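Please examine the structure shown below before reading further. The paragraphs that follow then proceed from one residue to the next.

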Amino acid sequence: MDRRTLIVGGGAAALAAVTAATLPGAAAAASDPATALHARRVLNLVNADLGAINLEGATGLLKTSLTAYAESAPRDPGADDLLAWVRRRITNLTGSDSIDAAVNENPETRALLAFGFLSYTQRQDRPQPKISRSMPVPAVLANLEPDFLPELLRQVQSKAKTSPSFATALQTGSDHMTQFIVAADGPGGTGPGHPTDEDILNWVVVLIVVAIVVISK
């Protein structure tokens with residue numbers, strides 16, 4: 001099967017499965033009440049009735065951030081930096097050390113990324129953080145509770161089951177995110193051929209940093 005077909009075609013199916021998904025390992029453990037409250041505050045920052053706003057505008061802003069990130073100085077492979085933080089968090093969440101599989105085939109990761117993109121589209125007027133390779137982990141990310149992402153995912157799953165407008169908005173975010181990954185890596189895009197793990201991880205870094213930092217301001 002053509003990998004690009006798998007990426008595009010798998011988006012809807014993966015996100016549709018998220019409400020029935022079971023988190024692996026530590027992610028399945030109960031969260032601290034403070035973490036649950038924190039995740040609920042972040043979840044409530046998104047207006048489900050508004051849906052995804054100005055998708056092209058949001059994509060343009062993210063593309064600018066991704067280009068700046070790609071053009072920054074090469075990172076130290078052994079650095080305990082933002083890239084390493086994102087890789088650890090995704091591995092802890094999904095149980096997979098393949099970023100490609102985590103983003104393209106794992107419904108949990110796709111749901112969180114879709115939520116991040118959805119929230120970002122509703123806050124395009126906020127100042128955009130500057131990101132680069134080997135940058136330190138921003139304080140807003142470094143201070144996140146260890147179980148914050150699994151808890152946020154649980155709440156995203158729960159809301160998607162009970163709110164059709166939220167589920168639709170998530171699907172829109174997931175579809176557009178998938179198209180962006182493929183388009184950025186296709187002819188005339190920023191990367192060569194099909195997305196590699198590094199391409200996808202770069203996108204994940206940009207989206208997580210921009211989304212979480214922007215919506216937390």
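In this predicted model, Thr-59 has a relative accessibility of 9% and therefore counts as buried, since the cut-off for that class is under 20%. Thr-59 belongs to helix α3. When residues up to four places away in sequence are left out of account, Thr-59 touches Phe-117, His-176 and Phe-180.

The backbone deserves attention next. Most residues other than glycine have a negative phi. Asn-54 is not a glycine, yet its phi is positive, at about 45°. Where does Asn-54 lie? Asn-54 is located in the loop between α2 (33-43) and α3 (55-70). The relative accessible area of Asn-54 is 47%, so this residue is classed as partly exposed.

Ser-134 also has a positive phi, near 65°, and is a residue other than glycine. The loop that holds Ser-134 runs between α6 (107-121) and α7 (139-142). With a relative accessible area of 32%, Ser-134 is partly exposed; the class of partly exposed residues lies between the limits of 20% and 50%.

The last topic is the aromatic rings. How many aromatic pairs does a search of the whole structure find? The search yields 1 aromatic pair. In general, such a pair is described by the distance of the centres and the angle of the planes. A charge may also be placed over a ring: the charged end of Lys-159 sits over the ring of Phe-166, at 5.1 Å from the centre of that ring.

Methods. Residues are numbered from 1 along each chain as its sequence is written. This is a predicted model: local features need pLDDT of at least 70, side-chain atom pairs count only at pLDDT 80 or more; totals for chains, interfaces and linings use all residues. Side-chain values use heavy atoms; hydrogens and water are left out. Rings of Phe, Tyr and Trp (its six-membered ring) pair if their centres lie within 6.5 Å; planes under 30 degrees apart count as stacked, over 60 as edge-to-face and the rest as tilted. A charge sits over a ring if NZ of Lys or CZ of Arg is within 6 Å of the ring centre and within 35 degrees of the ring normal. Helices (H or I, at least four residues) and strands (E, at least two) are DSSP runs, numbered from the N terminus. Buried means under 20% relative accessible area, exposed over 50%, partly exposed in between (1.4 Å probe, protein chains only). Contact means heavy atoms within 4.5 Å.
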